[in-house]
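Trainee: I have the model open, and I'd like to go through the labels people put on it. Can you show me how each one is earned?

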Amino acid sequence: MSSRRLLLDIDGVLHVGRPDFESHMRSLGWKGEYQVFQNALFLDEEYRATLVGRADIRMVLGRLLREFDQELGLELLMRQWLGGNLLVNEELLALLPSLQVHSIRLATNQDPVRAAGIRRMYRDRPAIAGMYFSHEIGHRKPFAEYFAHITADLDCAPEDIVFVDDSPENVEGAREFGMSAVRFADNESLLRQLSALGIGRGA
């Protein structure tokens with residue numbers, strides 16, 4: 001059993017896509033390209049404030065709906081945004097209990113509303129010992145304060161942690177903090193890299 005702690009990102013690692021989400025949103029009444037709206041959301045400074053618990057995601061989404069002249073109701077958008085048409089990496093989740101690791105936790109940038117949904121999704125999953133949400137920490141990836149909080153909570157050194165994320169920026173932030181960090185591409189390459197870091201699969 002490895003003494004390593006494993007941290008897994010959510011979006012891009014455990015949530016690996018939304019098949020034909022553009023068409024799905026248009027079928028609900030969305031005007032134009034949803035991806036343009038989403039890009040604007042992710043670049044919005046007030047949205048980023050929701051990720052550290054300093055703004056209300058409903059207010060941000062409502063404002064952007066008005067700016068994009070969308071008639072889709074806020075609550076309907078929230079339901080889709082939280083989990084509509086979501087493809088979950090069930091293969092990786094099924095493999096987690098077999099990993100020879102001290103503990104596995106989720107580490108993700110989320111506002112309080114989406115974090116609550118994620119907590120419900122993963123609270124009963126085998127092998128997941130806990131979750132770190134940026135809005136609860138008050139800092140987000142890739143900043144050192146986020147990783148420092150987790151290291152202190154786990155009562156271990158940064159080098160005892162293996163961090164997995166699909167974002168190059170987040171991976172680099174973890175490495176600069178002293179963690180081993182793996183950029184996620186697919187399950188097969190992830191398992192190879194984890195094995196090289198001393199996190200292999202048991203019998």
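**Labels and the numbers behind them**

Mentor: Let's begin with aspartate 44, which is buried, with a relative accessible area of 14%. Keep in mind that this is a predicted model.

Trainee: Why is aspartate 44 called buried?

Mentor: The cut-off for buried is under 20% relative accessible area. Aspartate 44 has 14%, so the label follows.

Trainee: What makes aspartate 44 and arginine 63 a salt bridge?

Mentor: The rule asks for a side-chain nitrogen of Lys or Arg within 4 Å of a carboxyl oxygen of Asp or Glu. For aspartate 44 and arginine 63, the N to O value is 2.9 Å, and the pair counts as a salt bridge. Aspartate 44 sits in the loop between helix 2 and helix 3, while arginine 63 belongs to helix 4 (residues 57-67), so the pair ties together parts that are 19 residues apart in sequence.

Trainee: What about glutamate 75 and arginine 58, and how do you know that they form a salt bridge?

Mentor: Their closest N and O atoms are 3.9 Å apart, and the limit is 4 Å. The pair links helix 5 (residues 74-83), home of glutamate 75, to helix 4, home of arginine 58; so it ties together parts 17 residues apart in sequence. Both partners are partly exposed: glutamate 75 has a relative accessible area of 45%, and arginine 58 has 37%.

Trainee: Which residues are joined into one network by salt bridges that share partners?

Mentor: Asp44, Glu46, Arg63 and Glu67 are. By the same rule, the count for the model comes to 13 salt bridges.

Trainee: Aspartate 11 and arginine 114 also form one. What do their accessibility labels rest on?

Mentor: The closest N and O atoms of that pair are 2.8 Å apart. Aspartate 11 is in the loop between strand 1 (5-8) and helix 1, and arginine 114 is in helix 7 (residues 112-122), so the pair ties together parts that are 103 residues apart in sequence. As for the labels, arginine 114 is at 7% relative accessibility, so it counts as buried. Aspartate 11 is at 31%, so it counts as partly exposed.

Trainee: Where do those two residues sit relative to the largest pocket?

Mentor: That pocket holds about 910 Å³ of space. It is lined by 31 residues, and the closest to its centre are Asp11, Gln38, Phe42, Tyr47 and Arg114. By class, the lining has nine nonpolar, 10 polar and 12 charged residues. Helix 2 gives the most to the lining, with four residues.

Trainee: Why is the protein chain called as compact as a globular protein of its length?

Mentor: The chain comes to 11 helices and five strands. Its radius of gyration is 18 Å, and the globule rule gives 17 Å for 203 residues; the two are close, so the chain is as compact as a globular protein of that length. Along its principal axes, the C-alpha trace spans about 55 × 30 × 30 Å. Of the 203 residues, 49% count as buried.

Trainee: Threonine 50 is in helix 3. How do you know that it is buried?

Mentor: Its relative accessible area is 0%, and the cut-off is under 20%. Leaving out residues up to four places away in sequence, threonine 50 touches Ala55, Asp56, Ile57, Val60, Gln110, Asp111, Pro112 and His135.

Trainee: What makes the backbone at aspartate 69 and alanine 127 worth a look?

Mentor: Most residues other than glycine have a negative phi. Aspartate 69 has phi near 55°, a positive value in a residue other than glycine. Alanine 127 has a positive phi of about 85°, and it is not a glycine either. Aspartate 69 lies in the loop between helix 4 and helix 5, and alanine 127 in the loop between helix 7 and strand 3 (128-133).

Trainee: Why is aspartate 69 called exposed, and alanine 127 partly exposed?

Mentor: Exposed means over 50%. Aspartate 69 is at 53%, so it counts as exposed. Alanine 127 has 34%, so it counts as partly exposed.

Trainee: Which peptide bond is cis, with omega near 10°?

Mentor: The one from lysine 141 to proline 142. Proline 142 is placed in the loop between helix 8 (134-137) and helix 9 (144-154). Most peptide bonds are trans.

Conventions. Residues numbered from 1 in each chain as written. Predicted model: local features only at pLDDT ≥ 70, side-chain atom pairs only at ≥ 80, totals over all residues. Heavy atoms only, no water. 1 Å grid on protein atoms, 1.4 Å probe; cavity = no way out; pocket = protein on both sides within 12 Å on 5 of 7 lines; lining within 4 Å. Points joined across faces, edges and corners; volume = space filled by probe spheres on them. Helix = DSSP H or I, 4+ residues; strand = E, 2+ residues; numbered from the N terminus. Nonpolar A, V, L, I, M, F, W, Y, C, P; charged D, E, K, R; others polar. Buried < 20%, exposed > 50% of the residue type's maximum accessible area, 1.4 Å probe, protein only. Rg over C-alpha atoms; globule rule 2.2 N^0.38 Å. Contact = heavy atoms within 4.5 Å.
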